[in-house]
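Student: I am new to this structure and would like a close look at a single part of it. Please start there and then work outward to what surrounds it.

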Amino acid sequence: MRDKNRETPEKIVLVLQGGGALGAFQAGAYEALCDAGQEPEWLAGISIGSINAALIAGNPPGERLPALRQFWDRVTGAPWLMAPCLGKGPLHEQMRAACNEGSAAMTALLGAPGFFRPRLPDLFSFLPGLMRQTSWYDTGPLRDTLLELIDFDHLNRYGPRLSIGAVDVETGNFTCFDSRETTITVDHIMASGALPPGFPAVEIEGRHYWDGGLVSNSPLQFVLETPSTRPLSIYQVDLYPSRDSLPRSMAEVEQREREIRFSSRTRLNTDEFRNRHALASAARRLRVRLPREFRDDPDLTRLIEAGPAHPVSLMHLIYRHASYEGASKDYEFSRLSMLDHWHDGRRDAERSLRDPRWINRQVPQDGLMIFDISDPHHQEAAAS
């Protein structure tokens, strides 16, 4: 797939947001992309998105889907997470909601296999002001799982480019670890998903890092700001919608608050991209009208280089929660929900990839075209 007006092949980029148990939606979307021949040359992720991205980048093409399946089968494989299929009927949604909440409660109590387990409190944990532990869970099982399923030598030497977002605990600064500049290790992946107070900070070269989603739950801005000599075809897979209906209950308020807090600021990032593109275009037009002795002025050159020179097609795939899902959906690790999320991701990606508006797209003069065509209820706002 490519812009019909261009001969230069597009660089395929996969951008994956954080969202815990909802990350199986990203795995399903990747499966559809893989089947369509859209293997990414660059992956960028936050939190669970960084785990999925590393599983893809850290394996040869034929072993990527099996690695994703092994991970998601493992973390949803505990007996207490095997929610039964409840069929359909008038009470289905109420029963499924109760089942999901029970599964999430068991995850909070017992953890998820191959991912995290409860941390035993120390002797002072119950004394006011003396609690010394800094997380509720131990993520040692995740380290073992990642080391088993990811070939870090392949990731750093042969795999597609990988960018992982994390936050420096002491400075609060967002950091993007990039395989073009840094040797990616298991610590970088775990740091990107170290969401406090559940998970502990991860030390890398003397600095301590938390989940990148605390600052930005999507690395889209990093991707857009990085110079490219080729047009980009970006598949951004988000697990929290920025738009939803007005909450009608306290449960819906809690869910909506979490969606707003962790949704990607896609519009903010893309508006900034367009503004920089317009600024650079204006500077180029000005250069032509200036006397020759002023055309190489350093300030003018800086204005031109501040804008992106590469066009971008961005397909936005967003998980939209089922009516029976609540605020606990991102730590509800039942096998049934995982399979539902995987199926939904594959279905939405397949639908979007088949859409004529995507297949026949032509990137406009401002260098950016955005598609959100996976939701049949939002077809009228498919591209902007």
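Tutor: Leaving aside neighbours within four places in sequence, Asp211 is in contact with Ile46, Ser47, Val167, Ala191, Ser192, Gly193, Ala194 and Leu195. The model is a predicted one. Asp211 is found in strand β8, and it counts as buried because its relative accessibility is 2%, under the cut-off of 20%.

Strand β8 covers residues 207–211, and Arg207 also lies in it. Arg207 forms a salt bridge with Asp168, with 3.0 Å between the closest N and O atoms. Asp168 belongs to strand β5 (residues 161–168), so this pair ties together parts that are 39 residues apart in sequence. The two partners differ in exposure: Arg207 is partly exposed, with a relative accessible area of 29%, whereas Asp168 is buried, with 5%.

One contact of Asp211, Leu195, leads to a pocket. Leu195 is among the residues nearest the centre of the second largest pocket, together with Gly20, Phe199, Asp330 and Tyr331. This pocket has a volume of about 660 Å³, and 35 residues line it. By type, the lining divides into 21 nonpolar, ten polar and four charged residues. Helices α2 (48–57), α4, α7 (186–192) and α9 (250–262) each supply at least two residues of the lining. The most comes from α9, which gives three.

Phe199, one of the residues nearest the centre of that pocket, is also in contact with Phe115. Other contacts of Phe115, again leaving aside neighbours within four places in sequence, include Ile48, Ile51, Phe71, Val75, Pro141, Leu142 and Phe333. Phe115 is part of the largest nonpolar core, which has 69 residues. Phe115, Phe71, Trp72 and Leu162 are the residues with the most contacts inside this core. Apart from it lies another core, of 14 residues, among them Val15, Leu220, Phe273 and Leu368. In soluble globular proteins, nonpolar side chains tend to be buried together.

Helix α4, one of the helices that supply the pocket lining, also takes part in a salt bridge. The side chains of Arg96 and Asp340 meet there, at 2.8 Å from N to O. Arg96 lies in α4 (residues 92–110) and Asp340 in helix α12, so the pair ties together parts that are 244 residues apart in sequence. Arg96 counts as buried, because its relative accessibility is 4%. Asp340, at 25%, counts as partly exposed.

Helix α12 also holds a partner in another salt bridge, between the side chains of Glu31 and Arg346, at 3.3 Å from N to O. Glu31 is in helix α1 (residues 24–35) and Arg346 in helix α12 (residues 335–354), so this pair links distant parts of the chain, 315 residues apart. Glu31 counts as buried at 11% relative accessibility, while Arg346 counts as partly exposed at 23%. Salt bridges that share partners join Glu31 and Arg346 with Asp35, Arg69 and Glu350 into one network. In total, the count comes to 21 salt bridges.

Notes: Residues numbered from 1 in each chain as written. Predicted model: local features only at pLDDT ≥ 70, side-chain atom pairs only at ≥ 80, totals over all residues. Heavy atoms only, no water. Salt bridge = Lys/Arg side-chain N within 4 Å of Asp/Glu carboxyl O. Helix = DSSP H or I, 4+ residues; strand = E, 2+ residues; numbered from the N terminus. Buried < 20%, exposed > 50% of the residue type's maximum accessible area, 1.4 Å probe, protein only. 1 Å grid on protein atoms, 1.4 Å probe; cavity = no way out; pocket = protein on both sides within 12 Å on 5 of 7 lines; lining within 4 Å. Points joined across faces, edges and corners; volume = space filled by probe spheres on them. Nonpolar A, V, L, I, M, F, W, Y, C, P; charged D, E, K, R; others polar. Contact = heavy atoms within 4.5 Å. Core = buried A, V, L, I, M, F, W, Y, C linked by side-chain atoms within 4.5 Å.
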